[in-house]
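Student: I keep meeting words like "buried" and "edge strand" and I'm never sure what earns them. Can we go through some on a real example?

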Amino acid sequence: RKEYVDLYVNYKFNKSVQKPFEDFMRGFLRGCPARYWKMLLPEELQVLLQGHTTYDWHLLEKNVIYAGYTESDQTIRNFWTVFYELPEEKKKMFLVFLSGSDRISGYGLEPFRFCIADRPVENPDESSPCAVTCRPTLLLPR
């Protein structure tokens, strides 16, 4: 029985996934050569590939670039007041809206910058914020 269980476990965890894993590894090594990632711990490689899942929201605020606004404008102060009142999950949803992902790159929040730009519209009260995800920009009407 022990031999049967050992062979069955080996089949399920090793042999049955061997071909798909080899295909994945071949593609992964083509895009990310081993000489670059072998020096990383598994946790570091995961953060590098998937991004960070914890955030310092005040650092995010500190890194914002304003276009057409200043930090002291009432619209900006209102934005940050509302933002900090949001639950954590909604803040992550804002990141998805802004950048297309709820994660920050493996480099962390320090180099992550986004722009809050004035969106000139005829009637700002009838306009919603929108985002440009290719270079994280929040177009915020006054």
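Tutor: Sure. Start with contact: it means heavy atoms within 4.5 Å. Keep in mind that this model is predicted. In that sense, the buried residues of α7 pack against α5 (57-62), α6, β3 and β4.

Student: Which residues of α7 are the buried ones?

Tutor: K91, K92, F94, L95 and L98. They cover an arc of only 150° around the axis, so they sit on the same side of α7. In general, an α-helix has 3.6 residues a turn, so residues three or four places apart point the same way.

Student: How do you know what span to expect for α7 (residues 88-99)?

Tutor: Use 1.5 Å times one less than the number of residues. With 12 residues, 16 Å is expected for α7, and the helix reaches 17 Å from its first C-alpha to its last, which is close. After α7 comes G100, with a positive phi near 90°.

Student: Why is T137 called buried?

Tutor: Buried means under 20% relative accessible area. T137 has 13%, so the word fits. You'll find T137 in strand β4 (residues 137-140). Leaving aside neighbours within four places in sequence, its contacts include L98, C115 and C130.

Student: And what makes C130 partly exposed?

Tutor: Partly exposed lies between the 20% and 50% cut-offs. C130 has a relative accessible area of 25%, so that is its label. C115, at 16%, counts as buried.

Student: How do you know that C130 is not bonded to another cysteine?

Tutor: A disulfide needs two cysteine sulfur atoms within 2.5 Å. The closest cysteine sulfur to that of C130 is in C134, 12 Å away, so it is too far for a bond. Searching the whole structure gives 0 disulfides.

Student: What makes β1 and β3 edge strands?

Tutor: Look at the strand order first: the open sheet of 4 strands runs β1-β2-β4-β3, with mixed pairing. β1 (65-67) and β3 (130-132) each have a single partner strand, so one side of each has no neighbour in the sheet.

Student: Why do β1 and β2 count as paired?

Tutor: Pairing takes at least two bridges. β1 and β2 (residues 115-118) are joined by 3, so they qualify, and they run parallel. Within that pair, I65 stands opposite C115.

Student: Which helix lies across β1, β2 and β4?

Tutor: That's α6 (residues 74-85), running at about 120° to β4.

How values were computed. Residues numbered from 1 in each chain as written. Predicted model: local features only at pLDDT ≥ 70, side-chain atom pairs only at ≥ 80, totals over all residues. Heavy atoms only, no water. Helix = DSSP H or I, 4+ residues; strand = E, 2+ residues; numbered from the N terminus. Buried < 20%, exposed > 50% of the residue type's maximum accessible area, 1.4 Å probe, protein only. Axes fitted to C-alpha atoms, helices over the stretch in contact; angles between N-to-C directions. Arc of directions from axis to C-beta.
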